[in-house]
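Here's a walk through one protein chain, going from its charged pairs to its packing. Have the viewer open and click along.

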Amino acid sequence: MKQQQQEDRALLPTTSPASADAGAGASSYSSGQLCTAGLVAAWYASNIGVLLLNKYLLSVYGFRYPVFLTACHMSACALLSSLLAAATNTTKPSSSSSPPRRPLSRGQAARVAVLGAVFCGSVVGGNVSLRYLPVSFNQAVGATTPFFTALIAYAIAARREAGATYAALVPVVVGVVIATGGEPSFHLFGFVMCVGATAGRALKTVLQGILLSSEEEKLNSMDLLRYMAPVAVVLLVPATLIMEPEALGAAAALAREDPSFVWMLLCNSSLAYLVNLTNFLVTKHTSPLTIQVLGNAKGAVAVVVSILIFRNPVTVMGMLGYGVTIVGVILYGEAKKRSK
C-alpha cells in the first residue's frame, strides 16, 4: 500500500524550474512593457501639456511675456534637476559600480555655457512664436528640424549625408511651404521666430556632438540640462528686465487678482522640467527608431488636441502640408538608418 502511494505521487505533474523561470520572465517582460508605456504616456502628457499651457498663457490668457515665462521654465529646470541629482547621489549605494559624478572641467564648462546659450535662445524663440501662431502651424514648422540639422552639420562640421538622405529632406521643406500658404492665421514675425527656434534646436544638437564628443566629456541629457539651465537663467533674468521690464509687475498683479495664475505658472514650469525628464527616461527604455516614431506621432497628437481646444481655423492645404512634412521626416529617418 505504501509503495502504491509513492508510485501515485511520482505520477503527479510537477512544476519544473524551467517553466517557473519562464513564468517569471514573462511577468518581468510584461511589467517592463507597462513601465515603458507609462513613461511614454507621461512624455506625451508633459510635452503636449506644456505646449498647450504656453499657448494658453501667452495668447488666450493675456500674459504676453514669453521671455519671463522661459525664465520661469529654466529656473524650475535648474532647481528640480539639482534636487534630483542630490537625491540620486544620496540614495546611491556605496558599492554601486557606476562612477561618481565629476565636476566639469573649465573647458567643459565653457562648452556647456555655449550650449546653454543656444538652448536658451531656441526655447525663447519657440515661446515667442506661440504668442502669434497656432500650435498646429508651430508644430509643422518644428518638424523641419532634420533639415536644419543636416544643413548646419554640413556648414559647421562639413559632415556629408548620403544622397538619399538629402532627397528625403525635399518633402520636409515642401510640406512647410504648402502649410505656410494654407495657414489662415499666418504671422510673419511669429513664423520667423518659429524658424529661428527650430534652427536653434538643430544647432544645439550639432554643437553638442562636436563640443562634447570625447568619451570623457559626454554627458547624459539630464546632467547636461542641470548644467545648461543655470546658464539660461543667468542670461534670461537681465533679458527679461531689458526686454520685458513690466513682466514681473504684471505677474504680481495677476497673482493678486487671480490666484489660479500662480498655479498655472508653477504647473507650466514643472511640466517644462518633466518634458526633459520623461524624454530622458523614454530614450533610456526604448530604441532610437522607437523615439523617432513616437516623436512624429506626438506632434500629430499635439496638433489634433490643440485644434480641438483652441478651435483655430485649419485648411485642407495646411493639413496636407503638415502631412507631407511628416512623410519627409519619416523618409529622412529611414534614409539615415540605411546609410549607417
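Lys336 is partly exposed, with a relative accessible area of 23%. In this predicted model, Lys336 pairs up with Glu161 in a salt bridge, and their closest N and O atoms are 3.0 Å apart. Glu161 sits in the loop between H6 and helix H7 (163-181), while Lys336 belongs to helix H13 (residues 316-339), so this pair ties together parts that are 175 residues apart in sequence. Is Glu161 buried or exposed? Glu161 counts as buried, because its relative accessibility is 16% and the cut-off for buried is under 20%. Lys336, at 23%, lands in the partly exposed class.

How many salt bridges are there in total? The count comes to three, and here they are side by side.

| Salt bridge | Closest N and O atoms |
|---|---|
| Glu161 and Lys336 | 3.0 Å |
| Arg226 and Asp223 | 3.3 Å |
| Lys337 and Glu334 | 3.6 Å |

Lys337 and Glu334 are both in helix H13, three residues apart, so about one helical turn separates them. Lys337 is partly exposed at a relative accessible area of 43%, and Glu334 is partly exposed too, at 27%.

The remaining pair, Arg226 and Asp223, lies within helix H9, again with three residues, or about one turn of the helix, between partners. Both Arg226 and Asp223 are buried. Arg226 gets that label because its relative accessibility is 17%, against a limit of under 20%. Arg226 also has a polar contact of 3.4 Å, side chain to side chain, with Tyr227.

Since we're already in H9, let's stay there. Which residue caps the N-terminal end of H9? That's Asn220, which places a side-chain oxygen 3.0 Å from the backbone nitrogen of Met222. Quite a few H9 residues are buried, among them Met222, Leu224, Leu225, Met228, Ala229, Ala232, Val233, Leu236, Ala239 and Thr240.

That brings us to the packing. Nonpolar side chains tend to be buried together in soluble globular proteins. Here, the largest nonpolar core has 26 residues, and the members that touch the most others are Met74 and Leu236. Four helices give two or more residues to this core: helix H3 (66-91), helix H4 (106-132), helix H9 (221-243) and helix H11 (260-285). Which of them gives the most? It's H9, with nine residues.

To see this core from the inside, click on Leu236. Setting aside residues up to four places away in sequence, Leu236 touches Val67, Thr70, Ala71, Met74, Cys120 and Val124. A second core, separate from this one, has 21 residues, including Leu51, Leu52, Leu57 and Ala247.

H9 has another side to look at. Val237 is found in helix H9, and Val237 is partly exposed, with a relative accessible area of 44%. Together with Leu241, Ile242 and Met243, Val237 forms a nonpolar patch on the surface, and the four have about 460 Å² of accessible area between them.

For another partly exposed leucine, go to Leu151 in helix H6 (residues 145-157). Leu151 has a relative accessible area of 48%, so Leu151 is partly exposed, as exposed would call for over 50%. The C-alpha atoms of Leu151 and Ala202 are separated by 9.1 Å, with the two residues 51 apart along the chain.

Now zoom out to the whole chain. What does its secondary structure come to? There are 13 helices and zero strands, so the definition-based pattern along the sequence reads α throughout. Of the 340 residues in the chain, 41% are buried.

Contacts over long stretches of sequence also stand out in the numbers. Among contacts with a separation of 6 or more, 86% are between residues 24 or more positions apart. On the outside, the accessible surface comes to about 17900 Å², and carbon and sulfur atoms account for 68% of that.

Conventions
Residues are numbered from 1 along each chain as its sequence is written. This is a predicted model: local features need pLDDT of at least 70, side-chain atom pairs count only at pLDDT 80 or more; totals for chains, interfaces and linings use all residues. Side-chain values use heavy atoms; hydrogens and water are left out. A nonpolar core is a set of buried Ala, Val, Leu, Ile, Met, Phe, Trp, Tyr and Cys residues joined through side-chain atoms within 4.5 Å. Buried means under 20% relative accessible area, exposed over 50%, partly exposed in between (1.4 Å probe, protein chains only). Contact means heavy atoms within 4.5 Å. Patches are made of residues with over 30% relative accessible area and no salt bridge: like charges are joined within 9 Å, nonpolar side chains (Val, Leu, Ile, Met, Phe, Trp, Tyr) within 5 Å. Accessible areas come from the Shrake-Rupley method with a 1.4 Å probe; for residues, only the protein chains shown count as cover. A salt bridge is a side-chain nitrogen of Lys or Arg within 4 Å of a carboxyl oxygen of Asp or Glu. A polar contact is a pair of N or O atoms within 3.5 Å; within protein, one must be able to donate a hydrogen and the other to accept it, and residues adjacent in sequence count only if both atoms are side-chain atoms.
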